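Hello,

Here is the structure I promised to pass on to you. Have it open while you read, and my notes on it follow below.

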Amino acid sequence: MKDEIQKICKKYHYDKTRLLDIYWDIQKYFNYIPQNAVEILASELDISLSQLKDTLSFYHFFHQKPAGEIQIYVDTSAICELYGAHDVIKCFESHLNCKVGSTDPSGKFGLYTTSCIGMSDQAPAALIQNIPVGRLNPNKIKRIVSDLKNGILPLIQVTNTVQKKADVLLGTYTLGECINTLKTITPTEVIKTVTDSGIRGRGGAGFATGKKWALCSAQTEKTRYIVCNADEGEPGTFKDRYLLRYFPQLVFEGMIIAARSVGAQQGILYLRAEYSYLKGHLEKALAEMRQKQLLGKNILKIPDFDFDIRIQLGAGSYVVGEETALLESLEGKRGEPRVRPPFPVEQGYLGKPTIVNNVETLASVARIIKNGAQWYRKFGTELSPGTKLLSVSGDCEKPGIYEVEWGLSVGKLLELVKATNPMAIQIGGASGICLSAKDIDRKIAFEDIPTGGSVMIFNKKRDLLKIMKNFIEFFVAESCGCCVPCRAGNIVLNEQMEYILSGEAAKVDLQRIKHWAGIIGPSSRCGLGQTCINPILTSMQAFPKLYSEKVKEHEALFRPFDVKEKTSEYDNIVKAHQNRHGDIS
């Protein structure tokens with residue numbers, strides 16, 4: 001084992017910041033990450049055992065016990081749940097002869113669940129040995145398992161359906177056409193063009209891109225980095241999946257333009273683990289750009305314009321989509337959000353000034369530099385110029401990817417996607433807002449409804465409260481646990497929703513939810529805790545009758561407190577300690 005661990009460490013030059021890559025290679029070799037391997041790593045990398053375990057335990061796709069030679073993860077996000085995820089789990093359990101969360105008797109197969117894998121338009125879906133497979137049904141599962149038992153892995157089954165194109169992102173593209181403009185304009189002019197275009201971050205926060213670049217450029221420290229956030233983890237979102245598959249070099253050109261504007265030397269694209277099947281495709285696109293002198297030394301024969309990009313694979317964490325948590329992960333740590341200030345443009349990756357932009361933002365910037373700020377402002381609204389990619393899924397005839405101008409009304413969107421009998425529209429993913437079909441005049445724009453791109457549609461046959469429960473369960477699982485309001489508050493909200501769904505709750509329980517939400521949002525340290533309350537609060541506002549019908553008129557009842565249940569985790573820890581060290585009483 002030691003020889004193999006040393007070989008893996010040598011591959012990454014014993015670089016502590018590449019810990020995620022090292023863990024991935026260890027897991028690939030052993031099918032899990034053994035305790036002995038971690039102990040050897042502590043010596044090889046000169047990292048404490050506690051720190052190594054801290055990072056290892058944080059990421060969903062790392063296993064500390066045998067997890068099966070072939071690992072299957074069933075997507076249990078809201079859309080997949082509506083389309084039969086639980087039936088998919090039962091079907092896999094039956095054919096594999098194992099329960100979810102465990103391996104089969106032979107140890108060959110491991111069956112697990114995971115949150116959204118970016119396949120909501122093809123639900124129900126699963127990852128099978130990192131290969132995405134959608135539109136699962138009993139016959140398909142039976143055939144897949146039979147093939148797996150015969151050593152045949154499924155082919156990648158991703159259908160990228162573009163329902164509407166515009167000329168900003170999804171128009172025709174030729175490699176190098178955007179960065180060629182850098183031959184004739186200065187870095188200062190690049191930032192001015194981006195600023196004049198009015199483009200704002202497409203990841204959800206909406207910070208002015210030109211301002212971010214200008215702040216980074218103004219730093220005295222000359223070592224700078226460009227990071228592309230490709231950790232598309234918001235439930236219901238899959239538009240970056242399309243850009244990375246069909247326009248990867250447009251995204252890379254955006255990174256190169258950002259590098260030229262601030263004088264950065266290195267770029268990193270952080271790719272979510274669920275999209276690992278795209279890694280080889282992205283590496284090939286980078287290799288072609290290097291061969292054509294669009295990356296590397298003296299790019300475009302511009303003296304001293306040296307910049308290159310590497311791909312960093314994540315390991316399963318929603319909160320890593322927050323830019324400072326992503327930087328922590330890039331450095332080989334737990335993906336916990338940092339306290340700000342300082343901001344990434346001041347002290348980002350390895351403590352150096354860093355620009356972190358979303359996939360869609362960088363692709364848009366490349367088009368802006370080619371066509372100009374005024375061209376870009378012809379699209380959208382005055383406060384929200386440009387176009388937006390929407391990932392549409394759920395109860396509609398035309399799910400898929402839509403490039404629309406900012407300012408599109410909810411009503412027009414419902415017409416485009418051919419939503420029949422719509423009841424609720426969840427815009428912005430699990431952390432977004434819930435609208436009713438009556439909100440047809442509201443606009444998708446920063447001045448009204450900002451969004452990272454997820455649009456989930458639910459018809460009147462759906463149980464909306466169960467959908468909200470799914471969202472809360474997602475946040476319980478994905479909270480990094482760093483701050484109490486988010487860590488404990490989401491558990492309270494989840495239990496409160498469970499109580500309401502039981503039909504035993506009173507009206508005061510609805511007030512309790514609002515009370516807890518008022519604590520969680522304002523006092524959480526990052527966007528996850530600040531926005532996790534959105535779906536439940538907005539759905540209560542949009543559909544008050546659905547909630548009121550679930551509660552009774554009586555006064556709040558005293559609910560028995562199950563001490564054994566609440567202390568079970570502690571009891572398990574004590575028992576484990578006793579098994580190792582004897583009685584500690």
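In which sense do S7 and S10 pair, and over how many bridges? The two strands pair in the parallel sense, and five bridges link them. Before we go on, please keep in mind that this is a predicted model.

**The four-stranded sheet**

As background, strands of a sheet pair through backbone hydrogen bonds, either parallel or antiparallel. S7 and S10 belong to an open sheet of four strands, and its order is S9-S8-S7-S10 with parallel pairing. At the edges you will find S9 and S10 (354-358), each of which pairs on one side only. From one strand to the next, the twist averages 20°.

To find the pairing of S7 and S10 on your screen, look for Tyr 225, which stands opposite Thr 354 in S10. On its other partner, S7 (residues 225-230) runs parallel to S8 (residues 266-271), and six bridges join these two. A good landmark there is Ile 226, with Gly 267 of S8 opposite.

Is S10 mostly covered or mostly open? S10 is mostly covered, with five of its five residues buried. Its residues point two ways: Thr 354, Val 356 and Asn 358 go one way, while Ile 355 and Asn 357 go the other, and all of them are buried.

A helix belongs in this picture too. H11 (residues 248-262) lies across S7, S8, S9 and S10, and runs at about 150° to S7.

**The six-stranded sheet**

Now turn to another open sheet, this one with six strands in the order S6-S12-S11-S17-S14-S15 and with mixed pairing. Which strands stand at its edges? They are S6 (162-164) and S15 (433-436); each has a single partner strand, so one side of each is left without a neighbour in the sheet. The twist in this sheet averages 30° from one strand to the next.

Within this sheet, S11 and S17 (residues 454-459) run parallel and are joined by four bridges. You can spot the pairing at Gly 394, which stands opposite Ile 457 in S17.

Two helices are worth finding here. H16 (residues 410-417) lies across S6, S11, S12 (400-405), S14 (422-427), S15 and S17, and runs at about 110° to S14. H21 (residues 534-542) packs on the sheet as well, where it touches S14 and S15, and its direction makes about 15° with that of S15.

**One residue to look at: Ser 393**

Ser 393 is found in S11 (residues 387-394). Is Ser 393 buried or exposed? Ser 393 has a relative accessible area of 0%, so it counts as buried. Leaving aside the neighbours within four places in sequence, Ser 393 is in contact with Ile 79, Ser 120, Asp 121, Phe 238, Pro 399, Val 455, Met 456 and Ile 457.

**Spaces inside the model**

Rolling a probe the size of a water molecule over the atoms shows where empty space is left. How many cavities of 30 Å³ or more are there? The count comes to two.

- The largest cavity holds about 100 Å³ of space. Its lining is made up of His 60, Phe 61, Thr 114, Ser 115, Asp 231, Gly 233, Arg 272, Glu 274, Gly 316, Ser 317, Tyr 318 and Glu 478. By class, that lining has two nonpolar, six polar and four charged residues.
- The second largest cavity has a volume of about 50 Å³. Among the residues that line the second largest cavity are Pro 337, Cys 480, Cys 482, Cys 483, Cys 486 and Cys 526. This lining divides into seven nonpolar, three polar and one charged.

There are pockets to look at as well. The second largest pocket contains about 770 Å³ of space. It is lined by 27 residues, and the closest to its centre are Trp 24, Asp 25, Lys 28, Asn 130 and Leu 313. The elements that give two or more residues to this lining are H1 (2-11), H2 (19-30), S1 (70-75), H12 (279-291) and S9 (308-313). Which of the elements gives the largest share? That is H2, with six residues. By class, the lining of this pocket has nine nonpolar, seven polar and eleven charged residues.

Happy exploring, and best wishes!

Note on methods:
Residues numbered from 1 in each chain as written. Predicted model: local features only at pLDDT ≥ 70, side-chain atom pairs only at ≥ 80, totals over all residues. Heavy atoms only, no water. 1 Å grid on protein atoms, 1.4 Å probe; cavity = no way out; pocket = protein on both sides within 12 Å on 5 of 7 lines; lining within 4 Å. Points joined across faces, edges and corners; volume = space filled by probe spheres on them. Nonpolar A, V, L, I, M, F, W, Y, C, P; charged D, E, K, R; others polar. Pairing = 2+ DSSP bridges. Axes fitted to C-alpha atoms, helices over the stretch in contact; angles between N-to-C directions. Contact = heavy atoms within 4.5 Å. Buried < 20%, exposed > 50% of the residue type's maximum accessible area, 1.4 Å probe, protein only.
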